[in-house]
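Reader: May I ask you some questions about this structure? I would like to begin with charged pairs.
Author: Certainly; here it is.

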Amino acid sequence: FPYTTLFRSTRVGATWAGVPIWLPEGADAEHHWLLARTEFEVSGEVETAWIRATGQSPEPARQYVFRLFVNGDFAGVGPVRSWDPRLETRYNTLDITALMRPGRNAVAPLCYCAEGHAFQADIVITRRDGSRQVIGTGDRWRVRSGNRWRPACGDTGGGYYQAPQEFIDAREEPVGWMLPDFAAPGWMAPRQRPPLPGLQATPTDNLTLGVIQPNRVQRLGPGKWLLDMGRELVGGVRIDVEGRAGQTVEVRLGEELADGGGARFQLRSTPVYREVWTLRDGRQRLEHWGYRAFRWVELHTDPELNLEGCVQAVALRLPWNGEDA
């Protein structure tokens with residue numbers, strides 16, 4: 001039953017309850033970061049639950065538009081690029097059955113796109129009694145700009161593509177926005193965007209997220225750290241730290257070491273992987289949204305800030321069985 005339902009919901013031409021949304025006119029709509037969220041009640045015994053979601057456009061950044069969370073947990077990213085964005089839009093179907101909880105639930109995508117400016121989703125829940133609940137993007141969702149939390153600071157693509165540099169100011173993050181029962185003053189009803197062309201299911205598996213511990217952590221000097229992940233990764237860095245408002249962490253990623261011994265953050269293939277993250281008071285998590293290719297992580301910070309055991313890599317990859325090769 002769950003597989004039949006899932007197949008029917010993802011076939012080409014399936015009807016969507018949700019419509020494309022973005023920030024309303026005059027609400028920093030020219031900025032490219034969008035925070036969106038909705039909450040809903042779940043009752044009864046859930047048989048299966050999934051989200052099909054898409055966005056416009058993955059083309060300029062050459063990567064996905066949304067990173068989606070359910071009750072604060074990572075659910076997936078998407079969509080993949082289309083062979084012709086004028087004619088078709090790919091969407092991803094994410095199984096979120098294990099992330100559902102009785103009572104109040106929250107779904108929250110963090111989106112970035114430099115053109116198109118649209119996010120569309122259906123949340124579909126089926127119960128053991130055969131009933132079905134569908135929550136689509138629309139007027140009941142709430143949105144806000146992420147431009148103060150993630151200010152515009154150029155791109156990493158070296159002229160070939162426009163994936164964003166991710167400078168982060170944690171003091172501007174709406175803490176708890178991915179969780180249920182979040183008070184959201186200042187959040188707005190979204191603006192409906194034009195229909196997306198040719199919605200079709202993504203033909204590949206979804207990317208999974210894996211947390212990777214560094215192989216070696218070295219202090220280069222006061223407030224300077226070098227981490228060796230042991231191999232090339234595609235993803236980003238996660239820092240869980242107790243901080244003080246205004247402290248900064250400069251993050252440099254590289255595929256190889258520079259002559260001075262740190263990470264060569266200006267890659268030979270032209271991307272530049274250097275960002276500055278500003279902390280708020282208290283315990284916090286800072287993490288890349290997009291993906292980079294790197295092995296080495298160099299961090300410059302306040303010498304009083306101890307990063308021992310606080311830094312991990314988060315790798316995005318397709319499911320893979322090493323015994324198949």
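Author: One salt bridge joins the side chains of arginine 244 and aspartate 302, with 3.4 Å from N to O. A salt bridge here is a side-chain nitrogen of Lys or Arg within 4 Å of a carboxyl oxygen of Asp or Glu. This is a predicted model, in which local features need pLDDT of at least 70 and side-chain atom pairs count only at pLDDT 80 or more, while totals for chains, interfaces and linings use all residues. Residues are numbered from 1 along each chain as its sequence is written, and side-chain values use heavy atoms, with hydrogens and water left out.

Reader: Where in the chain do arginine 244 and aspartate 302 lie?
Author: Arginine 244 is in the loop between β16 (224-243) and β17 (248-254), and aspartate 302 is in the loop between β20 (292-301) and β21 (311-317). The two are 58 residues apart, so the pair links distant parts of the chain. The strands are DSSP runs of E, at least two residues long, numbered from the N terminus.

Reader: Is arginine 244 buried, partly exposed or exposed?
Author: Arginine 244 is partly exposed, with a relative accessible area of 42%. Buried means under 20% relative accessible area, exposed means over 50%, and partly exposed is in between, using a 1.4 Å probe and protein chains only.

Reader: How many salt bridges are there in the whole structure?
Author: The search finds 26. One of them pairs glutamate 25 with arginine 191, at 3.0 Å from N to O. Glutamate 25 lies in the loop between β1 (21-22) and β2 (33-42) and arginine 191 in strand β12 (residues 191-192), so this contact ties together parts that are 166 residues apart in sequence. Glutamate 25 is exposed at 61% relative accessible area, whereas arginine 191 counts as buried at 19%.

Reader: And which residue does glutamate 173 pair with?
Author: Glutamate 173 forms a salt bridge with arginine 280, and their closest N and O atoms are 3.0 Å apart. Glutamate 173 is in the loop between β11 (168-169) and β12, and arginine 280 is in the loop between β18 (274-278) and β19, 107 residues apart. Glutamate 173 is buried, with a relative accessible area of 19%, and arginine 280 is buried too, at 14%.

Reader: Let us turn to pockets. What is the volume of the largest pocket?
Author: Its volume is about 500 Å³. Of the 23 residues that line the largest pocket, the closest to its centre are Phe69, Gly72, Glu173, Met178 and Arg285. On a 1 Å grid over the protein atoms alone, a pocket is an open set of points with protein on both sides within 12 Å along at least five of seven lines, a cavity is a set where a 1.4 Å probe fits but cannot get out, and lining residues have an atom within 4 Å of a point.

Reader: Which strand gives the most to that lining?
Author: β19 gives the most to the lining of the largest pocket, with three residues. β4 (66-70), β5 (73-78) and β19 (282-287) each supply at least two.

Reader: What about a cavity?
Author: There is one cavity of 30 Å³ or more. The largest cavity has a volume of about 60 Å³, and 13 residues line it, with Gln56, Pro58, Ser82, Glu88 and Thr89 nearest its centre. β3 (46-56) and β6 (89-95) are the elements that give two or more residues to that lining.

Reader: New topic: how many disulfides are there?
Author: The count is zero, where a disulfide is a pair of cysteine sulfur atoms within 2.5 Å.

Reader: Why does cysteine 111 not form a bond with cysteine 113?
Author: The two sulfur atoms are 7.2 Å apart, which is too far for a bond. Cysteine 111 is buried, at 0% relative accessible area. The sulfur of cysteine 153 is 18 Å from the closest cysteine sulfur, in cysteine 113, again too far.

Reader: Finally, how many residues are in the largest nonpolar core?
Author: The largest nonpolar core has 43 residues, and those with the most contacts inside it are Trp177, Ile239, Val297, Leu299, Leu307 and Val311. β16 gives the most to this core, with seven residues. Such a core is a set of buried Ala, Val, Leu, Ile, Met, Phe, Trp, Tyr and Cys residues joined through side-chain atoms within 4.5 Å.

Terms used
Grid points are joined across faces, edges and corners, and a volume is the space filled by probe spheres set on the points. Helices (H or I, at least four residues) and strands (E, at least two) are DSSP runs, numbered from the N terminus.
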